[in-house]
Amino acid sequence: MNLSRSEELFERSQKLIPGGVNSPVRSFGGVGGTPPFFARGEGARVCDVDGNEYVDFLGSWGPLILGHAHPAVVEAVREAAGQGTSFGAPTERELELAELITRAMPWIEMLRLVSSGTEAAMSAIRMARAFTGRAKVIKFNGCYHGHADGLLVKAGSGLATHGVPTSAGVPESYAAETLVAEYNRLESVGALFDANVNRVAAIIVEPVAGNMGVVAPDSGFLEGLRRLADDNGALLIFDEVITGFRVAHGGAQARYGVRPDLTCLGKVIGGGLPVGAYGGRREVMRMAAPLGPAYQAGTLSGNPLAVAAGIACLKVLAEPGTYERLESLSAQAEAGLRAAADSTGAVLTVNRVGSAFTAFFCAGPVTTWDEAADADTERYAAYFHGLLERGVYVAPSQFEAAFVSLAHTADDLAFTAAQVKAALST
Ligand SMILES: *Cc1c(COP(=O)(O)O)cnc(C)c1O
């Protein structure tokens, strides 16, 4: 595979940009080699600067549920751009996006738009602290909620891939407000509440874990979190930055029927542009300035281009049959993976929830971070490069999700299954 132009660009980028990338997960740190520099994407396919083409399962790490350059999204952005790219004043489109979100997620009674998932999670926690008057937050080992200081504790994928359990630059005094429980282990949450009576503001969880690879909640886990939060006067925050409009139209809260107090959104709701949102119970959201004492702001929050893309995306997703079609494509992707593993004897555990899945290189089951961490990352790296050479792009880390989009065709998935089998055979 010729990557000469990417190699040259990567070389130059590394002199100016730390690691040559603007987000560490892009650097191929977990799998080695030179990351292709992308030039174009259309539908389920991306093309790099050397002219190599790939069937894309990265989907920009989750947002591209419609695939690349979906005509409705491109047209919406083009139209919005012609009308002015930012005002710093209210616009009708922000209201429209808020309405589309709350229609799909009725437990969100009020919400604020921000520009990233990081901002959404950071702000939701601020509101929870303001509302409860408490400081501590329970998060889960292997769950990622963006790179805000207090949330970079045992935060899965990027940090796991790079072997940094907790980021440097976060004061211990601040990290001490973050308590870490084990995903799918309710007793670990109960123990933290017992040791921190009346001090926990909130539990924050990815209702389907995505940043340790895809791990579904065990039956009763989310319900148990709801109960523990209620019993202890804490709020329950679902970080649905990946799962929102992904695992169901109404996100994981609709799929599992568990009500969070606050929800964080990002990725899909921006249609590939920078949008995040946090929202939930009205009385909690009333803590946000200017209604309440908790400050949160953003010069580009609700940006017209970003919001236009989000609206276009959510409108396509609201069409009847969308999630059924996504499910059947995703089931085909899973079946192809399983068949390839069976025929090659590769030891794989495939976890899938809706259109997000992970092939863990271990015997499994994978239900916690410790079990995920058992996966053979060297085998994953070989598999990753085997696929890359054969024109299939998956996340450059074992501890990530692969995403099926509505742009993938049955042919794309059949092609992918054949490449997976070839990659696993070598
Ligand atoms: C990606 C992600 C974030 C952070 O979103 P950014 O837009 O990258 O800041 C937060 N939470 C979860 C669950 C995510 O997957």
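In the predicted model, Cys264 of strand 9 stands opposite Tyr278 in strand 10. Strand 9 and strand 10 (residues 276-280) run antiparallel and are joined by four bridges. On its other pairing, strand 9 is joined to strand 8 (residues 235-239) by three bridges, and these two strands run parallel. Here Phe238 is the residue that stands opposite Thr263 of strand 9. Strands of a sheet pair through backbone hydrogen bonds, in either a parallel or an antiparallel manner. Strand 9 (residues 262-265) is covered on both faces. Leu262 and Cys264 are buried on one side, and Thr263 and Leu265 are buried on the other. Together with helix 9 (residues 251-256), strands 8 and 9 make a β-α-β unit that is right-handed.

The loop between strand 8 and helix 9 contains Phe245. Phi of Phe245 is positive, near 60 degrees, although the residue is not a glycine. Phe245 counts as buried because its relative accessibility is 0%. A positive phi is also found at Trp61, with a value of about 70 degrees. Trp61 belongs to the loop between strand 3 (53-56) and helix 2 (71-82). With a relative accessibility of 18%, Trp61 falls under the 20% limit and therefore counts as buried. Most residues other than glycine have a negative phi, and most peptide bonds are trans.

Two cis peptide bonds are described here. One runs from Ala289 to Pro290, with omega near 10 degrees, and Pro290 lies in the loop between helix 10 (282-285) and helix 11 (304-317). The other runs from Gly364 to Pro365, with omega near 0 degrees. Pro365 lies in the loop between strand 12 and helix 13.

That loop, between strand 12 (356-360) and helix 13 (369-373), also holds Phe361, which pairs with Tyr380 of helix 14 (residues 377-389). The two residues are 19 residues apart, and their pair links distant parts of the chain. The ring centres of Phe361 and Tyr380 are 6.1 Å apart and the ring planes stand at 80 degrees, so the pair is edge-to-face. Phe361 and Tyr380 are both buried. The count of aromatic pairs comes to 15. One aromatic cluster is formed by Phe28, Phe38, Tyr54, Phe384 and Tyr393.

Strand 12 also takes part in an open sheet of three strands, in which the order is 11-12-14 and the pairing is antiparallel. Strand 11 (349-353) and strand 14 (402-403) are the edge strands, each pairing on one side only. Five bridges connect strand 11 with strand 12, and Asn351 has Thr358 of strand 12 as its bridge partner.

Empty space in a structure is shown by rolling a probe the size of a water molecule over the atoms. The second largest pocket has a volume of about 490 Å³. Its lining comprises 22 residues, of which Glu94, Arg112, Leu113, Ser301 and Gly302 are the closest to the centre of the pocket. Helix 3 (92-104) and strand 4 (110-114) are the elements that give two or more residues to this lining. By residue class, the lining of the second largest pocket divides into eleven nonpolar, nine polar and two charged residues.

Note on methods: Residues are numbered from 1 along each chain as its sequence is written. This is a predicted model: local features need pLDDT of at least 70, side-chain atom pairs count only at pLDDT 80 or more; totals for chains, interfaces and linings use all residues. Side-chain values use heavy atoms; hydrogens and water are left out. On a 1 Å grid over the protein atoms alone, a cavity is a set of points where a 1.4 Å probe fits but cannot get out, and a pocket is an open set with protein on both sides within 12 Å along at least five of seven lines; lining residues have an atom within 4 Å of a point. Grid points are joined across faces, edges and corners, and a volume is the space filled by probe spheres set on the points. Ala, Val, Leu, Ile, Met, Phe, Trp, Tyr, Cys and Pro count as nonpolar, Asp, Glu, Lys and Arg as charged, and the others, Gly among them, as polar. Rings of Phe, Tyr and Trp (its six-membered ring) pair if their centres lie within 6.5 Å; planes under 30 degrees apart count as stacked, over 60 as edge-to-face and the rest as tilted. Buried means under 20% relative accessible area, exposed over 50%, partly exposed in between (1.4 Å probe, protein chains only). Two strands pair if DSSP finds at least two bridges between them. A crossover is right-handed if, with the strands pointing away from the viewer, the path from the first strand over the helix to the second runs clockwise.
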